[in-house]
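Colleague: I've never looked at this one before. Pull it up and walk me through it, please.

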Amino acid sequence: MPAELAEATKDDSTLRRFLHGLPGVDQVGLEQRAAGLATRSIKKAAKLWAIDTAIGMVDLTTLEGADTEGKVRALCAKGRNPDPDRPGTPRVAAICVYPDLAAVAVEALRGSGVGVASVATAFPSGRSSREVKLADVELAVSAGATEVDMVIDRGAFLSGRYGQVFDEIRAVKAACGDTHLKVILETGELATYDNVRRASWLALLAGGDFIKTSTGKVSPAATLPVTHLMLQAVRDWRDRTGELRGVKPAGGIRNTKDAIRYLVAVHEVAGPEWLTPELFRFGASSLLNDLLMQRRTQLDGHYSGPDYVAVD
């Protein structure tokens with residue numbers, strides 16, 4: 001990390017000074033650019049490429065109180081072979097589950113190349129002691145999860161206790177070891193674009209491998225303007241440090257048209273090197289079905305209804 005960024009994390013006051021010294025967000029300009037890029041039209045071979053790229057970026061997710069081992073195994077089977085009638089269909093990037101079901105997913109996905117992401121740190125509220133949050137992380141890691149999705153303490157962040165949030169992310173990162181860490185900002189609760197920018201930089205400074213918009217439990221979840229801001233943050237981080245960090249919009253992305261809009265944003269805001277599952281993901285439960293239907297349409301020349309793809 002460059003000296004000026006390391007200096008910014010020295011204590012709570014220097015961290016506050018750095019975060020509040022970030023450029024203010026031009027709300028009108030941000031939303032106009034997001035809306036303008038969303039009108040880009042992609043057709044034919046480029047659309048098929050975009051669909052395949054999006055499928056390979058999906059973190060196929062089930063985070064419900066009624067989740068069972070059987071449901072997780074079925075989701076894993078779909079993730080490793082999304083469309084059995086089309087053998088060339090890409091597999092998804094990961095299956096995302098609660099920590100107590102991570103071992104089930106690890107076993108079901110063994111040898112497939114599909115990762116296992118586990119939420120942690122008292123997901124989705126983040127309301128618990130640090131000891132409990134770290135125990136949550138250790139449960140996921142010991143079960144074999146390859147990725148951990150943590151939630152920040154939004155109450156601490158909104159109260160201006162940036163050092164507390166920073167220290168907690170650092171502690172979780174240490175508990176992850178070699179497991180990749182995604183930091184969920186829950187942008188729908190951060191109230192302003194300036195707060196989204198500050199939270200993004202805070203997570204990057206603390207060592208998050210990915211910054212993620214949402215838990216999917218709060219509305220609004222992922223939006224294009226917020227994702228633009230987060231893509232700007234990882235682009236600027238690369239420019240200042242040489243390191244590549246990822247972005248994951250999650251919640252509310254349900255169809256192929258929306259997914260392609262996000263891919264256009266990735267290309268235009270961060271750059272084409274982010275168009276890979278290592279640096280961009282979609283957190284979704286229903287998006288995959290629409291991607292598969294649209295993929296069949298591109299290949300077959302006619303629309304395929306939902307009866308032709310496996311239901312989650």
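Modeller: One term before we start: two strands count as paired if DSSP finds at least two bridges between them. Also keep in mind that this is a predicted model.

Colleague: Okay, let's use that term. In what sense do strand 1 and strand 8 pair, and over how many bridges?

Modeller: They pair in the parallel sense, over three bridges. Strand 8 covers residues 282-284, and in that strand alanine 284 is the bridge partner of leucine 60.

Colleague: And how many bridges join strand 1 to strand 2?

Modeller: Three, and those two strands run parallel. Look at aspartate 59, and you'll find alanine 94 of strand 2 opposite. To get from strand 1 to strand 2, the chain goes through helix 5, residues 69-80, in a right-handed β-α-β crossover.

Colleague: Are the residues on the two faces of strand 1 buried or exposed?

Modeller: Buried on both sides. Val58 and Leu60 are on one side of strand 1, with Asp59 and Thr61 on the other. That split fits a general pattern: in a regular strand, side chains alternate between the two faces of the sheet.

Colleague: What about strand 2, which residues sit on which side?

Modeller: Ala94 and Cys96 are on one side, Ile95 and Val97 on the other, and all of them are buried. Strand 2 is also joined to strand 3 by four bridges, again running parallel. Cysteine 96 has alanine 117 of strand 3 as its bridge partner.

Colleague: Which helix makes a β-α-β unit with strand 2 and strand 3?

Modeller: Helix 6, residues 102-109, and that unit is right-handed.

Colleague: Switching topic. Where are the cis peptide bonds I should look at?

Modeller: One runs from phenylalanine 123 to proline 124, with omega near 0 degrees. Proline 124 is in the loop between strand 3 (115-120) and helix 7 (130-142). Another cis bond joins serine 219 and proline 220, with omega about 0 degrees. Proline 220 belongs to the loop between strand 6 (210-212) and helix 11.

Colleague: Anything else in the loops?

Modeller: Two residues with positive phi. Threonine 121 has a phi near 60 degrees, though it isn't a glycine, and it lies in the loop between strand 3 and helix 7. Alanine 191 isn't a glycine either, and its phi is about 75 degrees. You'll find alanine 191 in the loop between strand 5 (180-184) and helix 10.

Colleague: Why does threonine 121 count as buried?

Modeller: Because its relative accessibility is 0%, and the cut-off for buried is under 20%. Alanine 191 is at 72%, so it counts as exposed; that label needs over 50%.

Colleague: Now the helices. Which residues does serine 200 touch?

Modeller: Serine 200 sits in helix 10, residues 193-205. Skipping residues up to four places away in sequence, it touches Leu185, Ile211, Met230 and Ala233. Its relative accessible area is 0%, so serine 200 is buried.

Colleague: And where is valine 234?

Modeller: In helix 11, residues 224-241. Valine 234 is buried too, with a relative accessible area of 0%. Leaving aside neighbours within four places in sequence, its contacts are Leu204, Ile211, Arg245, Gly246, Val247 and Trp274. Valine 234 and glycine 246 are 12 residues apart in sequence, and their C-alpha atoms are 6.9 Å apart.

Colleague: Last topic, pockets. What's the volume of the second largest pocket?

Modeller: About 280 Å³. It is lined by 15 residues, and the closest to its centre are Arg40, Ile42, Lys47, Lys257 and Ile260.

Colleague: Which helix supplies the largest share of that lining?

Modeller: Helix 12, with five residues. Helix 4 (44-55), helix 12 (256-270) and helix 13 (287-300) each supply at least two.

Colleague: How many of the lining residues are nonpolar, polar and charged?

Modeller: In the second largest pocket, seven are charged, four are polar and four are nonpolar.

Notes
Residues numbered from 1 in each chain as written. Predicted model: local features only at pLDDT ≥ 70, side-chain atom pairs only at ≥ 80, totals over all residues. Heavy atoms only, no water. 1 Å grid on protein atoms, 1.4 Å probe; cavity = no way out; pocket = protein on both sides within 12 Å on 5 of 7 lines; lining within 4 Å. Points joined across faces, edges and corners; volume = space filled by probe spheres on them. Nonpolar A, V, L, I, M, F, W, Y, C, P; charged D, E, K, R; others polar. Buried < 20%, exposed > 50% of the residue type's maximum accessible area, 1.4 Å probe, protein only. Right-handed = clockwise from strand over helix to strand, strands pointing away. Contact = heavy atoms within 4.5 Å.
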